[in-house]
Structure formats: C-alpha cells, structure tokens
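Please look through the model shown here, beginning with its pocket and then turning to its helix packing.

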Amino acid sequence: MRFSESLENLIEIVYLLNNGDKFIGVRVTDIAESLNIKKSSVHELVKKLKTENILIHEKYGNVFLTDLGCQLATEIYNKHLILLEFLTEVVGVSKENAIKEACQLEHILSSETITKLKILLNKHKSKQLIAK
C-alpha cells in the first residue's frame, strides 16, 4: 500500500505523537502544528485515511490509528530510522542533513531498497565491531 508523502507524514506524526500507542488519541491541532500545516489540511488528509481504514476520527474528537494504521506507521518510521542511521553511520552525512533527507527518502524508496540498505548497515556495524 503506497500513499502520498503528505499522507505518510500524517500517519507517522500520529504514531510519534501517541508514542506508538494506538489507544492514545492525537488532537488535530497537535498534528497541524507538528506538520506545520493548517488544521483544514489535516482534516482533509484524515478524511482520506479514514476511508482507507488507517485512522479513526470522530467529529471534534481525537485521531487514532487503526491496527492497519499502526502497522503502516511502524513501517514508515522504521524506514526513517534505517535511513537516518545509514546516512549518518555509513555515508557520514551530518545528523542535521540526515534527518531532513531521511524524511524525504522514506517516501520514495521501495521496501526492497530499504532491506538492502539495512543489510549494508549491518555489515558496516559488523566490520566496526571486528575492527575494535
């Protein structure tokens, strides 16, 4: 299942704001502030994700991730973490640039590419352990 960057960002921010707990709801205001977008834009994105069974949102209520939403959010966030670590540890990119670039790359790279990057990252870690 592929979503646009803005939809994936919303899924990921709901996950991060509720600390990965699908039973903790997130306010639309908090989502808008975190993504630096208008609340009306959040409502539009939430409406789209509701139809895909990714989010639950009652009018004037908090936003919750469904089971499918939690699974998807975890995948998106794990991609981000793998990319961040790969860029800083293997490539040597500054943390500041790696944070921005990992956020951009997580939306365009396939699962296959992420898996290959994770393998390279693990090989890099193994070599560093052996060198010590």
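What volume does the largest pocket have? The largest pocket measures about 330 Å³ in volume. This is a predicted model, in which local features need pLDDT of at least 70 and side-chain atom pairs count only at pLDDT 80 or more, while totals for chains, interfaces and linings use all residues. Residues are numbered from 1 along each chain as its sequence is written, and side-chain values use heavy atoms, with hydrogens and water left out.

A pocket here is an open set of points on a 1 Å grid over the protein atoms alone, where a 1.4 Å probe fits, with protein on both sides within 12 Å along at least five of seven lines; lining residues have an atom within 4 Å of a point. The volume is the space filled by probe spheres set on the points, which are joined across faces, edges and corners. The lining has 16 residues, and L72, E75, I76, K79 and S111 lie nearest the centre. Two or more lining residues come from each of α4 (67-91) and α6 (111-131), helices being DSSP runs (H or I, at least four residues) numbered from the N terminus. The largest share, eight residues, is from α4.

Helix α1 (residues 5-17) packs with helix α3 (residues 39-51) at an angle of about 90 degrees, their axes 10 Å apart; axes are lines fitted to C-alpha atoms over the stretch in contact, and angles run from 0 to 180 degrees between N-to-C directions. The two helices α1 and α3 are therefore roughly perpendicular (65 to 115 degrees). In contact (heavy atoms within 4.5 Å) are S6, L7, L10 and I11 of α1 with V42, L45, V46, K48 and L49 of α3.

How values were computed. Parallel < 35°, antiparallel > 145°, perpendicular 65-115°, else oblique.
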